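Visitor: Could you take me through one part of this structure slowly, and then show me what lies around it? I am new to this, so please explain the terms as you go.

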Amino acid sequence: MDSRNPQQPKDTPLLELRGIEKSFFGVRVLKGVDVRVDAAQIVGLVGENGAGKSTLMNILGGNLQPDRGVMLLNEEPFEPRHPTDAKRLGIAFVHQELNLFPNLSIAENIFLTSFPRAGGPFIARRQLHVKAAELLREVGLEISPIALVEDLSAGERQLVEIARALSVSPRLIILDEPTTSLSTRETATLFALMNRLRERGLAMIYISHILGDVLRLCDEIVVLRDGEVVGNGLRAEFTAERMISLMVGRELDQLYPHRTRPDQTTENSKAAALLEVRGITQPHIVRDVSFTLNRGEVLGISGLMGAGRSELARILFGLDPYESGEILRSA
Amino acid sequence: MTATSDPGARPANKFAAVFASEYLVLGLCVFYFLAFAPFTEGFASRGNFSNILITLLPLFILAIGQTVVLITAGIDLSMTSTIALTSVVGGMVMSGENGWLSNNPTAMPVAIIAMLVVGALVGLLNGFAVTVLRMPAFIVTLTTMMFVGGFAVWLTKSKNIGGLPESFLAIGNQLWLALPLTLTVAIVAHVMLSRSLFGRWLYAVGHNSRTAYVSGVPVTGVTCSAYVVSGVCAALASVLLTADAQTASPVLGRNMLLDVIGATVIGGTSLFGGKGKVLWTFFGVLFLKLIDNSLNLRNLADWDIRIVKGGVILVAAMLDALRNRLAVRGS
């Protein structure tokens, strides 16, 4: 990619983690994790919630220190004490919850701790905007760098985060669930960008629950379960089914054991209604939503992002108003 | 994100844009002036303008210091006590009656430097307690207000100090000295806030200090410095006020606290942090002074003026809360 990173022979990894262990209050969260990342490679990291993905990445990003184990970056010991250490050595982190400042401009967000200076404590604004515009072009975002981040959509903000990661000329970018709040089109833009970055020699660690994306995008896949690596190999060795069974530690057909609803046979369902929602409507938010929740039931509400799921829940809890409809609760 | 949630958000943003307009308060000033001038004798006279200006300058300097602290999502209630203490310290150094440097030609510059140093020290104390001890700014500065104010009275046994040098008194009644001093403070503060690293970091810290820390912003130093700036501003205002009063007094400026915070908030600086500008604060100071002055000219009683000013500040704080809510919903 650049002069700092000459053609690496494939047998020397860019990053190597060996036997990483971490405990919180006596609970072993990571039990000796080995991971290897090569240049120009996207490694997918999958696992259930609590498997240790975030802890591992926080150690890599300098937010946490491991109890035991070594990290090697280009075969040199790598021991970041703070996120800025990791950044300086070329490891950038794009967090799931965006770490942007909506009250600052795009350019200021990108260069918050590395402003080009015009002598002393002053910011060279023209240079700042030129450099920011370059990075925005790289990530394919055609917006003025002077624009405030608060005026951007979720997808645009994600691209600004990546522009910020690129501003430190990284060798490795960690992306933690970057597509959570993106639309399909924004996700496609992000993946195209990631492929371009890989062609330039950058390594990436991609964390996602969307296994289809991981299979489509990644060269290698690492599966974590309960703080241990339970699967590690080339993409071709994996299918979504195999990843799931590794993640949960059971065969797929045992994933959803059949349960019988308690009390269902003994009680009249009409009498057991705990919550009844009739035609809840709030303009532009939800329209004519009705359902009944019975005793002993778990009621799932599904839908796309923005379909009104959370808004409906807020209305049920009295946090938001509704225009018409009824919410009935049994005593 | 989707068609269902967008139409609801748009009008809210437009609504917010009107309130967020930079020149809203300036417009209100002009409107207020034009509306009251025909009915208030002497409001539009030349003598009254210079009267407004001379009382506006120290308030403006104080409000600039308050703006810097409010941007970090803090508050400085100790400013008025700092005025009193620095006034007393200045008087003790330079008074011709029994000052330490009585009738010495260096008395005046040394006194002013001593005032600034004392102001900075009070700010440092506040900043230390807020950052290192992690105490809430409200409690910290409330207690330093009492402590510093009491200390000023104790130092002087509750007496005013007269006999200040002529060269010092000139700063108070000569507009050509006070005006450039205030303008310099305003310009330095404006450039610092909008074009220096420290300034941009203030906004980042004020929006989210945790995120700022993770991004590598030296949060402790930045926040602490904001209180030092505020203390120095209080000392500078004290120079103007002491010279204008012609005596150093341990109760100087004791009625100004609500004016300072009120003017800053009227200008549009947010009590929630992350937002504020020197220009906005100027508009806020101007508006509050116009109200103050016009009601005085109409011979309204002190409590009437307080009711009006309190009401205006309350409305400004309510608008701030409203703007903040709209911003949270928008994102």
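Guide: Gladly! Let us begin with α12 of chain B, where the buried residues are B:Asp259, B:Val260, B:Ile261, B:Gly262, B:Ala263, B:Thr264, B:Val265, B:Ile266 and B:Gly267. "Buried" means that 20 or more other C-beta atoms, placed from the backbone, lie within 10 Å of the residue's own, while "exposed" means 12 or fewer and "partly exposed" is in between. Helices are DSSP runs of H or I with at least four residues, strands are runs of E with at least two, and both are numbered from the N terminus. This is a predicted model, in which local features need pLDDT of at least 70 and side-chain atom pairs count only at pLDDT 80 or more, whereas totals for chains, interfaces and linings use all residues. Residues are numbered from 1 along each chain as its sequence is written, and chains are lettered from A and ligands numbered from 1 in the order in which they are written.

Helix α12 of chain B covers residues 257–267, and nine of its eleven residues are buried, so the rest of the structure largely encloses it. After the helix comes B:Gly268, with a positive phi near 120°.

One of the buried residues, B:Val260, is touched by B:Leu62, which also touches B:Met79, B:Cys233, B:Ala234, B:Ala237 and B:Met256, leaving aside residues up to four places away in sequence. Touching, or contact, means that C-beta atoms placed from the backbone lie within 7 Å. B:Leu62 is also among the residues with the most contacts inside the largest nonpolar core, which has 163 residues. Such a core is a set of buried Ala, Val, Leu, Ile, Met, Phe, Trp, Tyr and Cys residues joined through C-beta atoms within 7 Å. Helix α11 of chain B (residues 219–245) gives the most to this core, with 17 residues.

For another helix in chain B, look at α6 (residues 137–156), which has 20 residues and reaches 28 Å from first C-alpha to last, close to the 28 Å expected at 1.5 Å a residue; the expected span is 1.5 Å times one less than the number of residues. Its buried residues include B:Val140, B:Thr144 and B:Val148. The buried residues of α6(B) are covered by parts including α4 (79–94) and α5 (107–131) of chain B. On the face turned away from the buried side, α6(B) carries the exposed residues B:Ile139 and B:Trp154. Just after α6(B), B:Lys157 has a positive phi of about 50°.

Key:
Two residues are in contact if their C-beta atoms, placed from the backbone, lie within 7 Å.
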